[in-house]
Amino acid sequence: MTDVFNVTGAYDKPSYNGGDVIKVTISGTDTNTVVTTGQVGPLTVPFVATNGAKSTLSVPKTTATFTTVATLPVTIDTTLPIVDTSPTPRTWAVSADKLSITAVA
Amino acid sequence: MGCKRGQVVDYGCGVSKLNHGQWDDEEFSYEPYSMLTVPVIAANGARSTLTMPDPVISTGSWPDASTTGYGNTVLVPATTNSLNVPGATYSGLHFTGVVTISASNVTLSNCLITANPADPWSLGLNGTLTEVVVKNVTIIGAGKGTLQSSAAYGFYVQGNVGVTFDACDISQVGQNAINDGNIVVKNCYIHDLNSGPGTHYECIYYGGAGGTNPNFSLDIEHNTLNNQRNNAAMYVANDFGAINNVTINNNLLIDSNAAGSFTCYVDGALSAHSITNVAVTNNALLPGQYGYFLLRQGLAPVYQVTKSGNYDYITKAPV
């Protein structure tokens, strides 16, 4: 199984004055790919000739690969800290829908 | 390697002093651009992180990080560093390595240029060009990590170039250098200089290489030029030719009073070339250890420099 995140964040203003509320909204998805294998067969295929004669064809078993791709929604992981390495780190609050964070400039 | 305590350090222009320890190797180090890292989780429990630049916070009326550079523009990697299509606009790009503008009417805006250690400069402007605009561009040099033995440049106006640098944020370089052309530098923030061990630090250097061009002009308007290393914030001298048509007006010029020499030079002592039509007006300054200005005729046969309206940034006293 693989997960490829394509997530971006955007500030709600190009710049902020001291005391402004800074809001960052995230958007994007995770593309989840699951690859599984399974057995196909063995098969027995009956066939008939134009004169009515009948027989069967036996196909041995084989292994097949099945790939499932799903696009999954992404939210902020509230179990891990937001890391702010600015000279004046801020306290960031996560919104209820877990799609944005806010702090005071 | 950087300077060590007790080492005699050449501060440029024949001025040397004993270094009192402001430049230890440790001080040459610098923090990487600070970032905001947000953990994210998918519906299936898979985790990743989203990393973004710090928000831009405004701090005042002089150009600073909040008013310059690419700001919060979302950047994509550039596919070429050779900007050679006349009239083209290049915007929203992250360049790594030396970027060269070699066509007229090119606009480079809202971009980031990150230097490699071997780069002698980050943004070169080459040839005879007109109407080039470099606006809201952030240049981050290699700083202490440069492989240059002296100054790596931020921008380098190599040819005879008509160019306006507007609202650019330039750091981790030794100088920004100008040869020739019609150059305007306005609303820019040049700061946190770091470069090779032999660097004479100057936020902007012009040494008279355009002296044979009767149409040369250099206009430095409303910038913050903050040099906390040796030498100067603004340096004009007749190293290579005559100086003519230079205006330094309404800038915040800051030099280190511990390591810097003079904040602003217009020095005629380097060769027998004249210095004419130079105006140094209405600037706010903080002095280097030797003072605010070195305005010196020296060897210049003619020395015409107008100085007025300048003042100390903190006390507001005329200087």
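In chain B, 67% of the contacts with a separation of 6 or more join residues 24 or more positions apart, a contact being two residues whose C-beta atoms, placed from the backbone, lie within 7 Å. For chain A, that share comes to 50%. This is a predicted model, in which local features need pLDDT of at least 70, side-chain atom pairs count only at pLDDT 80 or more, and totals for chains, interfaces and linings use all residues. Residues are numbered from 1 along each chain as its sequence is written, while chains are lettered from A and ligands numbered from 1 in the order in which they are written.

Now to the makeup of each chain. Chain A has 0 helices and 8 strands, helices (H or I, at least four residues) and strands (E, at least two) being DSSP runs numbered from the N terminus. Read from that end, the elements of chain A go β-β-β-β-β-β-β-β. Chain B holds 1 helix and 28 strands. As for burial, 50% of the 319 residues of chain B are buried, meaning that 20 or more other C-beta atoms lie within 10 Å of the residue's own (12 or fewer makes it exposed, anything in between partly exposed, with C-beta atoms placed from the backbone). In chain A, 10% of the 105 residues count as buried.

Strand β20 of chain B, residues 232–237, is mostly covered, with 6 of its 6 residues buried. It pairs in the parallel sense with strand β17 (residues 202–206) of chain B over 4 bridges; strands count as paired if DSSP finds at least two bridges between them. In that pairing B:Ile204 stands opposite B:Met234. β20(B) also pairs with strand β23 (residues 262–267) of chain B, again in the parallel sense and over 4 bridges, and here B:Met234 faces B:Cys264.

These three residues turn up again in the largest nonpolar core, which has 79 residues; B:Ile204, B:Met234 and B:Cys264 are among those touching the most other members, along with B:Cys111, B:Ile139, B:Val236 and B:Tyr265. A nonpolar core is a set of buried Ala, Val, Leu, Ile, Met, Phe, Trp, Tyr and Cys residues joined through C-beta atoms within 7 Å. Strand β13 (residues 153–166) of chain B supplies the largest share of this core, 7 residues. Another core, of 13 residues, lies apart from it and includes A:Tyr16, A:Ile101, B:Leu36 and B:Ala42. Back at B:Ile204, contacts beyond its neighbours within four places in sequence are with B:Asn176, B:Val185, B:Ile220, B:Leu225, B:Met234 and B:Tyr235.
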